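Visitor: I have a chain open and would like to talk through it. Could you start with a single residue and work outwards?

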Amino acid sequence: MTTRRGFLLGAGAGAAGVAVGAAGGVLVAGEDDAVRRRATARAEQRFLEAGGAADEGEGVARLGTRRVVWNTTVTEPVAAITFDDGPTPEYTPRILDALDRAGLTATFNVMGWNGVRHPDVLRDVVAAGHEIGNHTWDHRDLTTLTQHETREELVRCKDEIEALLGQPFTSFRPPRGELTGYALRIAAELGYDTFIWSVTRGPGDKKEVAEIEDYMGQTVAAGDVLGLHDGIGRGTFDPDAAFAVALAERRELEVRALPSALQQIADRGIALISANRLLERSVPEPIGGSAPPAQDGN
(Lines give C-alpha, C1' and ligand atoms only; values in the text may rest on other atoms or scores of the structure.)
Protein backbone atom coordinates (compact mmCIF):
# COMPACT_ATOMS: atom_id res chain seq x y z
CA MET A 1 0.00 0.00 0.00
CA THR A 2 1.31 3.43 -0.91
CA THR A 3 1.53 5.73 2.07
CA ARG A 4 0.63 9.41 1.87
CA ARG A 5 4.25 10.41 2.41
CA GLY A 6 5.53 7.92 -0.14
CA PHE A 7 3.05 9.18 -2.72
CA LEU A 8 4.04 12.78 -2.15
CA LEU A 9 7.73 12.00 -2.37
CA GLY A 10 7.29 10.12 -5.60
CA ALA A 11 5.04 12.85 -7.00
CA GLY A 12 7.76 15.45 -6.63
CA ALA A 13 6.63 19.03 -6.25
CA GLY A 14 2.92 18.31 -5.68
CA ALA A 15 1.82 18.80 -2.10
CA ALA A 16 5.38 19.47 -0.99
CA GLY A 17 5.24 22.59 -3.14
CA VAL A 18 8.07 25.04 -3.29
CA ALA A 19 9.90 23.35 -0.45
CA VAL A 20 10.81 20.19 -2.32
CA GLY A 21 10.81 21.54 -5.86
CA ALA A 22 12.90 19.60 -8.32
CA ALA A 23 14.37 17.40 -5.60
CA GLY A 24 11.08 15.55 -5.26
CA GLY A 25 10.95 14.39 -8.87
CA VAL A 26 14.29 12.61 -8.90
CA LEU A 27 13.17 9.08 -9.73
CA VAL A 28 14.09 8.89 -13.40
CA ALA A 29 13.69 5.73 -15.47
CA GLY A 30 16.99 4.07 -16.28
CA GLU A 31 18.84 5.04 -13.11
CA ASP A 32 20.21 2.15 -11.11
CA ASP A 33 18.74 1.18 -7.77
CA ALA A 34 21.54 2.76 -5.72
CA VAL A 35 21.11 6.13 -7.42
CA ARG A 36 17.34 5.97 -6.95
CA ARG A 37 17.72 5.13 -3.27
CA ARG A 38 20.08 8.03 -2.68
CA ALA A 39 17.85 10.40 -4.61
CA THR A 40 14.77 9.28 -2.70
CA ALA A 41 16.59 9.72 0.61
CA ARG A 42 17.57 13.27 -0.35
CA ALA A 43 14.01 14.06 -1.41
CA GLU A 44 12.62 12.67 1.84
CA GLN A 45 15.06 14.70 3.89
CA ARG A 46 14.07 17.90 2.08
CA PHE A 47 10.41 16.97 2.48
CA LEU A 48 10.75 16.51 6.23
CA GLU A 49 12.84 19.65 6.67
CA ALA A 50 10.21 21.65 4.81
CA GLY A 51 7.57 20.68 7.34
CA GLY A 52 5.49 18.90 4.71
CA ALA A 53 5.22 15.52 6.43
CA ALA A 54 1.95 15.93 8.26
CA ASP A 55 2.18 12.47 9.78
CA GLU A 56 5.33 13.52 11.66
CA GLY A 57 3.30 16.23 13.37
CA GLU A 58 4.13 19.29 15.46
CA GLY A 59 1.10 19.30 17.66
CA VAL A 60 -1.99 21.44 17.30
CA ALA A 61 -1.58 24.48 15.06
CA ARG A 62 -4.58 26.76 15.43
CA LEU A 63 -2.91 29.74 13.81
CA GLY A 64 -5.94 31.44 12.33
CA THR A 65 -6.12 33.01 8.91
CA ARG A 66 -2.99 34.63 7.51
CA ARG A 67 -2.65 35.94 3.98
CA VAL A 68 -0.02 35.77 1.25
CA VAL A 69 -0.32 38.97 -0.76
CA TRP A 70 1.01 39.81 -4.22
CA ASN A 71 -1.50 42.59 -4.87
CA THR A 72 -4.99 43.34 -3.63
CA THR A 73 -8.42 44.25 -4.91
CA VAL A 74 -9.31 47.85 -4.13
CA THR A 75 -12.08 50.26 -5.00
CA GLU A 76 -9.94 53.36 -4.64
CA PRO A 77 -6.66 54.44 -6.26
CA VAL A 78 -4.16 53.19 -3.67
CA ALA A 79 -1.09 50.92 -3.88
CA ALA A 80 1.66 49.87 -1.46
CA ILE A 81 5.34 50.78 -1.58
CA THR A 82 7.88 48.55 0.17
CA PHE A 83 11.67 48.38 0.59
CA ASP A 84 13.76 45.29 1.40
CA ASP A 85 17.22 44.44 2.76
CA GLY A 86 18.03 47.55 4.80
CA PRO A 87 18.57 49.63 6.69
CA THR A 88 21.83 50.85 5.19
CA PRO A 89 23.55 54.23 5.34
CA GLU A 90 24.10 54.06 1.56
CA TYR A 91 20.45 53.98 0.51
CA THR A 92 17.95 54.27 3.37
CA PRO A 93 18.45 57.98 4.25
CA ARG A 94 18.05 59.00 0.60
CA ILE A 95 14.87 56.94 0.32
CA LEU A 96 13.52 58.47 3.53
CA ASP A 97 14.17 61.91 2.11
CA ALA A 98 12.35 61.09 -1.14
CA LEU A 99 9.37 59.69 0.76
CA ASP A 100 9.28 62.69 3.08
CA ARG A 101 9.29 65.11 0.16
CA ALA A 102 6.42 63.16 -1.43
CA GLY A 103 4.49 62.91 1.86
CA LEU A 104 4.38 59.08 1.76
CA THR A 105 4.51 56.27 4.30
CA ALA A 106 6.07 52.95 3.22
CA THR A 107 6.90 49.52 4.63
CA PHE A 108 10.59 48.77 5.24
CA ASN A 109 11.28 45.04 5.44
CA VAL A 110 14.25 44.88 7.79
CA MET A 111 17.16 42.47 7.45
CA GLY A 112 17.94 41.98 11.13
CA TRP A 113 21.73 41.92 10.70
CA ASN A 114 21.60 45.34 9.05
CA GLY A 115 19.18 46.73 11.61
CA VAL A 116 21.43 45.83 14.53
CA ARG A 117 24.47 47.33 12.80
CA HIS A 118 22.74 50.52 11.74
CA PRO A 119 20.37 51.23 14.65
CA ASP A 120 20.30 54.99 14.12
CA VAL A 121 19.19 54.56 10.51
CA LEU A 122 16.52 52.08 11.59
CA ARG A 123 15.29 54.46 14.27
CA ASP A 124 15.01 57.16 11.60
CA VAL A 125 12.74 54.84 9.60
CA VAL A 126 10.45 54.33 12.57
CA ALA A 127 10.54 57.98 13.65
CA ALA A 128 9.30 58.96 10.19
CA GLY A 129 6.20 56.80 10.75
CA HIS A 130 7.00 53.95 8.38
CA GLU A 131 5.96 50.35 9.00
CA ILE A 132 8.63 47.71 9.51
CA GLY A 133 8.42 44.09 8.34
CA ASN A 134 10.50 41.02 9.17
CA HIS A 135 12.90 40.18 6.29
CA THR A 136 14.80 37.45 8.22
CA TRP A 137 18.08 37.77 10.07
CA ASP A 138 20.58 37.56 7.21
CA HIS A 139 18.66 37.02 3.96
CA ARG A 140 19.26 33.29 3.48
CA ASP A 141 17.26 31.34 0.90
CA LEU A 142 14.47 29.80 2.99
CA THR A 143 13.98 26.94 0.53
CA THR A 144 17.43 25.58 1.44
CA LEU A 145 17.01 25.64 5.23
CA THR A 146 15.93 23.12 7.84
CA GLN A 147 12.98 23.79 10.11
CA HIS A 148 15.32 24.87 12.90
CA GLU A 149 17.25 27.21 10.63
CA THR A 150 14.05 28.70 9.24
CA ARG A 151 12.71 29.42 12.70
CA GLU A 152 16.02 30.97 13.72
CA GLU A 153 15.99 33.31 10.70
CA LEU A 154 12.59 34.79 11.55
CA VAL A 155 12.69 34.64 15.33
CA ARG A 156 16.19 36.07 15.72
CA CYS A 157 15.26 38.98 13.46
CA LYS A 158 12.09 39.55 15.46
CA ASP A 159 13.72 39.34 18.87
CA GLU A 160 16.76 41.51 18.16
CA ILE A 161 14.93 44.25 16.29
CA GLU A 162 12.03 44.40 18.73
CA ALA A 163 14.53 44.63 21.60
CA LEU A 164 16.23 47.49 19.78
CA LEU A 165 13.08 49.43 18.90
CA GLY A 166 10.54 48.37 21.50
CA GLN A 167 7.88 47.75 18.85
CA PRO A 168 6.81 44.73 16.82
CA PHE A 169 7.04 43.99 13.14
CA THR A 170 3.81 44.28 11.19
CA SER A 171 4.38 41.68 8.46
CA PHE A 172 6.81 39.31 6.72
CA ARG A 173 8.63 39.53 3.39
CA PRO A 174 10.61 36.39 2.44
CA PRO A 175 14.00 36.98 0.81
CA ARG A 176 13.64 36.85 -3.00
CA GLY A 177 9.99 35.92 -2.49
CA GLU A 178 11.01 32.28 -1.89
CA LEU A 179 8.93 30.35 0.64
CA THR A 180 8.32 26.97 2.19
CA GLY A 181 5.27 25.76 4.03
CA TYR A 182 7.27 25.79 7.25
CA ALA A 183 8.29 29.43 6.75
CA LEU A 184 4.62 30.32 6.36
CA ARG A 185 3.85 28.43 9.54
CA ILE A 186 6.43 30.43 11.50
CA ALA A 187 5.15 33.68 10.00
CA ALA A 188 1.65 32.72 11.13
CA GLU A 189 2.89 31.86 14.62
CA LEU A 190 4.44 35.31 14.81
CA GLY A 191 1.19 36.94 13.67
CA TYR A 192 2.37 38.07 10.23
CA ASP A 193 0.67 38.30 6.90
CA THR A 194 3.21 37.61 4.15
CA PHE A 195 3.75 40.16 1.41
CA ILE A 196 5.37 39.34 -1.92
CA TRP A 197 5.06 42.00 -4.67
CA SER A 198 3.39 42.60 -8.03
CA VAL A 199 5.64 45.34 -9.48
CA THR A 200 9.39 46.04 -9.20
CA ARG A 201 11.79 48.64 -10.60
CA GLY A 202 11.56 46.80 -13.92
CA PRO A 203 13.65 44.30 -15.89
CA GLY A 204 17.31 44.07 -15.04
CA ASP A 205 18.35 45.26 -18.47
CA LYS A 206 17.02 48.73 -17.69
CA LYS A 207 20.28 50.58 -17.05
CA GLU A 208 19.17 54.19 -17.39
CA VAL A 209 17.56 56.13 -14.56
CA ALA A 210 14.97 57.61 -16.93
CA GLU A 211 13.90 54.11 -18.03
CA ILE A 212 13.39 52.99 -14.46
CA GLU A 213 11.57 56.18 -13.52
CA ASP A 214 9.14 55.73 -16.39
CA TYR A 215 8.68 52.00 -15.82
CA MET A 216 7.68 52.43 -12.19
CA GLY A 217 5.82 55.65 -12.81
CA GLN A 218 3.63 54.21 -15.55
CA THR A 219 3.33 50.56 -14.41
CA VAL A 220 2.10 50.82 -10.83
CA ALA A 221 -1.68 50.38 -10.69
CA ALA A 222 -4.26 50.49 -7.93
CA GLY A 223 -3.88 47.50 -5.58
CA ASP A 224 -0.26 46.81 -6.53
CA VAL A 225 2.56 46.10 -4.09
CA LEU A 226 5.70 47.84 -5.35
CA GLY A 227 8.83 45.98 -4.22
CA LEU A 228 12.04 48.05 -4.02
CA HIS A 229 15.26 47.89 -1.98
CA ASP A 230 17.43 49.82 0.46
CA GLY A 231 20.17 47.18 0.72
CA ILE A 232 21.86 44.38 -1.22
CA GLY A 233 20.77 41.27 0.69
CA ARG A 234 23.42 38.54 0.86
CA GLY A 235 25.78 40.86 -0.97
CA THR A 236 26.16 42.63 2.39
CA PHE A 237 28.54 39.88 3.50
CA ASP A 238 30.73 39.89 0.38
CA PRO A 239 30.41 43.37 -1.14
CA ASP A 240 33.31 42.91 -3.55
CA ALA A 241 31.82 39.82 -5.19
CA ALA A 242 30.58 40.30 -8.74
CA PHE A 243 26.94 39.66 -7.83
CA ALA A 244 27.11 42.16 -4.94
CA VAL A 245 28.66 44.85 -7.15
CA ALA A 246 25.91 44.30 -9.73
CA LEU A 247 23.23 44.53 -7.02
CA ALA A 248 24.73 47.75 -5.69
CA GLU A 249 24.60 49.25 -9.17
CA ARG A 250 20.94 48.27 -9.49
CA ARG A 251 20.10 49.72 -6.08
CA GLU A 252 21.80 53.00 -6.94
CA LEU A 253 19.70 53.32 -10.09
CA GLU A 254 16.54 52.50 -8.10
CA VAL A 255 17.23 55.17 -5.51
CA ARG A 256 18.06 57.80 -8.09
CA ALA A 257 14.88 56.98 -10.04
CA LEU A 258 12.61 57.05 -6.99
CA PRO A 259 11.69 60.77 -6.71
CA SER A 260 10.56 61.09 -10.34
CA ALA A 261 8.75 57.73 -10.23
CA LEU A 262 6.85 58.82 -7.12
CA GLN A 263 5.82 62.02 -8.85
CA GLN A 264 4.63 60.16 -11.96
CA ILE A 265 2.58 57.77 -9.85
CA ALA A 266 1.03 60.68 -7.96
CA ASP A 267 0.31 62.51 -11.21
CA ARG A 268 -1.70 59.48 -12.33
CA GLY A 269 -3.85 59.82 -9.23
CA ILE A 270 -2.50 56.80 -7.30
CA ALA A 271 -1.69 57.22 -3.61
CA LEU A 272 1.15 55.07 -2.27
CA ILE A 273 0.75 53.75 1.28
CA SER A 274 2.28 51.07 3.51
CA ALA A 275 1.55 47.37 2.96
CA ASN A 276 -0.74 46.84 5.92
CA ARG A 277 -2.68 50.02 5.21
CA LEU A 278 -3.26 48.72 1.68
CA LEU A 279 -4.59 45.46 3.09
CA GLU A 280 -6.89 47.37 5.45
CA ARG A 281 -8.33 49.31 2.51
CA SER A 282 -8.78 46.28 0.26
CA VAL A 283 -11.95 44.32 -0.35
CA PRO A 284 -12.41 40.53 -0.36
CA GLU A 285 -11.38 38.82 -3.58
CA PRO A 286 -14.43 37.84 -5.63
CA ILE A 287 -15.14 34.16 -6.20
CA GLY A 288 -16.01 33.31 -9.78
CA GLY A 289 -16.70 36.88 -10.77
CA SER A 290 -15.06 40.09 -11.82
CA ALA A 291 -13.22 42.26 -9.37
CA PRO A 292 -14.76 45.66 -8.62
CA PRO A 293 -13.16 48.30 -10.79
CA ALA A 294 -10.29 50.21 -9.20
CA GLN A 295 -10.26 53.94 -9.69
CA ASP A 296 -6.67 54.44 -10.78
CA GLY A 297 -6.89 58.12 -11.62
CA ASN A 298 -6.19 57.67 -15.35
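**One residue, then the whole chain**

Guide: M111 counts as buried, at 0% relative accessibility, where buried means under 20% relative accessible area, exposed over 50%, and partly exposed in between (1.4 Å probe, protein chains only). This is a predicted model, in which local features need pLDDT of at least 70 and side-chain atom pairs count only at pLDDT 80 or more, while totals for chains, interfaces and linings use all residues. Residues are numbered from 1 along each chain as its sequence is written, and side-chain values use heavy atoms, with hydrogens and water left out.

Visitor: Okay, and where is M111 found?

Guide: M111 sits in the loop between β3 (107-110) and α4 (112-117); helices (H or I, at least four residues) and strands (E, at least two) are DSSP runs, numbered from the N terminus.

Visitor: Which residues is M111 in contact with, leaving aside its neighbours within four places in sequence?

Guide: With those neighbours set aside, M111 has contacts (heavy atoms within 4.5 Å) with D85, G86, H135, T136, W137, D138, H139, G233, T236 and F237. For H135, which is 24 residues from M111 along the chain, the C-alpha atoms of the two are separated by 5.0 Å.

Visitor: D138 is in that list; what does it form a salt bridge with?

Guide: D138 forms one with R234, the closest N and O atoms being 3.6 Å apart; the term requires a side-chain nitrogen of Lys or Arg within 4 Å of a carboxyl oxygen of Asp or Glu. This pair links distant parts of the chain, 96 residues apart, with R234 in the loop between β6 (225-229) and α9 and D138 in the loop between β4 (131-134) and α6 (147-165). D138 is buried, with a relative accessible area of 15%, whereas R234 is partly exposed at 32%.

Visitor: How many salt bridges are there by this rule?

Guide: The count comes to 14. One of them joins the side chains of R67 and D193 at 2.9 Å, N to O, and the two residues are 126 apart, R67 in the loop between α2 (33-49) and β1 (68-69) and D193 in the loop between α7 (181-189) and β5 (194-195). R67 is partly exposed, with a relative accessible area of 43%, while D193 is buried at 5%.

Visitor: And what about D97 and R101?

Guide: Both lie in helix α3 (residues 92-102), 4 residues apart, about one turn of the helix, and their side chains meet in a salt bridge of 2.9 Å, N to O. D97 is partly exposed at 37%, and R101 is exposed at 69%.

Visitor: Switching topic, which residues have the most contacts inside the largest nonpolar core?

Guide: They are I81, F83, L99 and I132, in a core of 50 residues; such a core is a set of buried Ala, Val, Leu, Ile, Met, Phe, Trp, Tyr and Cys residues joined through side-chain atoms within 4.5 Å. Helix α9 (residues 242-267) supplies the largest share of this core, 8 residues. Apart from it lies another core, of 11 residues, including V78, A80, A222 and A275.

Visitor: What does the whole chain come to in helices and strands?

Guide: The protein chain has 10 helices and 7 strands, and buried residues make up 45% of its 298 residues. Among its contacts between residues at least 6 apart in sequence, 77% join residues at least 24 apart.
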